[in-house]
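Please open the structure in a viewer and keep a selection tool at hand. The stops below are meant to be visited in order.

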Amino acid sequence: MSSYLALLSFAVLGFALEMHLVFVNVIIGATVLTVVTRYLAYLRRDPGLESVAKGMFRLMVVTELFGGVWGTILTVFMAGLFPSMTAIFTRTYFYPIAIALVGILVSIPLIAIYWHLWGRVNPRTHSLIGVPPLAISVLLVPVGFRYLFAGLDYPQYIMTNSLAVFSNPIYPPLIIHTLIGAMDIGGAFVTASVLATRRNMNINGMRIALGTGLVLLVPQAIAGGAYYFTVLGRYDPYIVSNIAGPLLGYDPGTALFYPAFYTAITLTIALGATALYAFYAAMQGRVVRPAVIGTGFLAEAILVLMEYVNDGSRYPYLFLSGNSGIPITQLLNTLIPLPLIAIYTMLLSTLIFTAIFTITLYYAIIRRFLPED
């Protein structure tokens, strides 16, 4: 029963994490695209680009609302289901968490200021609020919180002192892979997809978003497929074995993950081809809506599959050490044992909230609760 309870708890936490990261990646990518596009609009004195930047910013604000809710759900689930892991995070990874919290506390008022002052101050001042303060504050959030995943993968670097956590060799490839992916998969293609649903389509905005996504696909593949995967192979052979599977000569303990990994790679190739076609059409002055919108759906599917593979492949462990680690069952809540009905309720309510959020997000973005210029 404890193993089944551990699996359900792991699945509930993982689902909440997936939903949170879907929105967070769009927040990061849309924010960076917004402030850069706004700055280019100022430099070129281009009202059309400024309109594109406003559209990107509106997408980011709506996504921020949903991402914040899922962040709260994730925190509650983590603290309730795995209090020992939460305690380890808050004590041992104090500095990375502090960095992330600073990013949250600074970015929220900056978002409000950035929107409120749009058109009320001169374009140069407004642009300088976005680059670098707003962009940096938003990037600090994944820079801090993503470290927790490096700690799960290679906890040996937490045993000496609090600052030693920053020496974790897993962290550099993980954060590079994360940030490029957020601006590419989570931001550029989703932004282009949303812009293609608007009544007043701005083809220049789609060119910028699609072009950015295409340019970042290659470094993203290098950062994830080469750098991060190679480092994982050295420090976390258990994860790599489950991810790569027999096709690359590994003997995985389960077949739950490597099919998803190769599916994600296939979808990445499809994304590149679709985006290239859509970008070429946009450069010719045409908008192929199905192709542009398709890039957003493909990007989100890749994000979900890759995160599922990266995080789920550690099961039945949480903290890893080579080919083994600390089992999930040892980190479950033992002070207040949760009955199965409580886990089922969490899972069911999460699915219901997901349906509600999806419908609300659809009406907010696609059905144009957001005003258009």
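Begin by selecting Pro316, which sits in the loop between H11 and strand E1 (317–321). In this predicted model, the peptide bond that leads from Tyr315 into Pro316 is cis, its omega being near 10°.

Select next the pair Val131 and Pro132, which are likewise joined by a cis peptide bond, with omega of about 10°. Here the proline belongs to a helix, since Pro132 lies in H5.

Keep H5 (residues 123–145) displayed and add helix H1 (residues 2–44): the two pack at an angle of about 160°, and their axes are 9 Å apart. Angles over 145 degrees count as roughly antiparallel, and H1 and H5 are therefore roughly antiparallel to each other. The crossing of H1 past H5 is left-handed. To display the contact, select on H1 the residues Ile27, Ile28, Thr31, Val32, Val35, Val36, Arg38, Tyr39 and Tyr42. Their counterparts on H5 are Pro123, Arg124, His126, Ser127, Gly130, Val131, Leu134, Ala135, Val138, Leu139 and Pro142. By class, this contact of H1 with H5 comprises 14 nonpolar, four polar and two charged residues.

Hide H5 and show H11 (289–312) with H1. The axes of H1 and H11 come within 10 Å and cross at roughly 140°, which makes H1 oblique to H11. H1 passes H11 in a right-handed crossing. On the H1 side, select Phe10, Leu17, Glu18, Leu21, Val22, Asn25 and Val26; these meet Glu300, Leu303, Val304, Glu307, Tyr308, Asp311 and Gly312 of H11. The contact of H1 with H11 divides into eight nonpolar, two polar and four charged residues.

Now keep Val22 and Glu300 selected and add Val190, Phe297 and Leu361: of the 22 residues that line the second largest pocket, these five lie nearest its centre. This pocket holds about 660 Å³ of space. Which elements give two or more residues to its lining? They are H1, H2 (47–81), H7 (171–195), H11 and H12 (340–366). Colour H12 separately, as the largest share of the lining, seven residues, comes from H12. The lining consists of 15 nonpolar, six polar and one charged residues.

For the last stop, select Arg45, found in the loop between H1 and H2. Arg45 has a positive phi of about 55°, although it is not a glycine.

Definitions and conventions:
Residues are numbered from 1 along each chain as its sequence is written. This is a predicted model: local features need pLDDT of at least 70, side-chain atom pairs count only at pLDDT 80 or more; totals for chains, interfaces and linings use all residues. Side-chain values use heavy atoms; hydrogens and water are left out. Axes are lines fitted to C-alpha atoms, for helices over the stretch in contact, and angles run from 0 to 180 degrees between N-to-C directions. Helices (H or I, at least four residues) and strands (E, at least two) are DSSP runs, numbered from the N terminus. Angles under 35 degrees count as roughly parallel, over 145 as roughly antiparallel, 65 to 115 as roughly perpendicular and the rest as oblique. A crossing is left-handed if the near helix is turned anticlockwise from the far one by less than a right angle, and right-handed if clockwise. Contact means heavy atoms within 4.5 Å. Ala, Val, Leu, Ile, Met, Phe, Trp, Tyr, Cys and Pro count as nonpolar, Asp, Glu, Lys and Arg as charged, and the others, Gly among them, as polar. On a 1 Å grid over the protein atoms alone, a cavity is a set of points where a 1.4 Å probe fits but cannot get out, and a pocket is an open set with protein on both sides within 12 Å along at least five of seven lines; lining residues have an atom within 4 Å of a point. Grid points are joined across faces, edges and corners, and a volume is the space filled by probe spheres set on the points.
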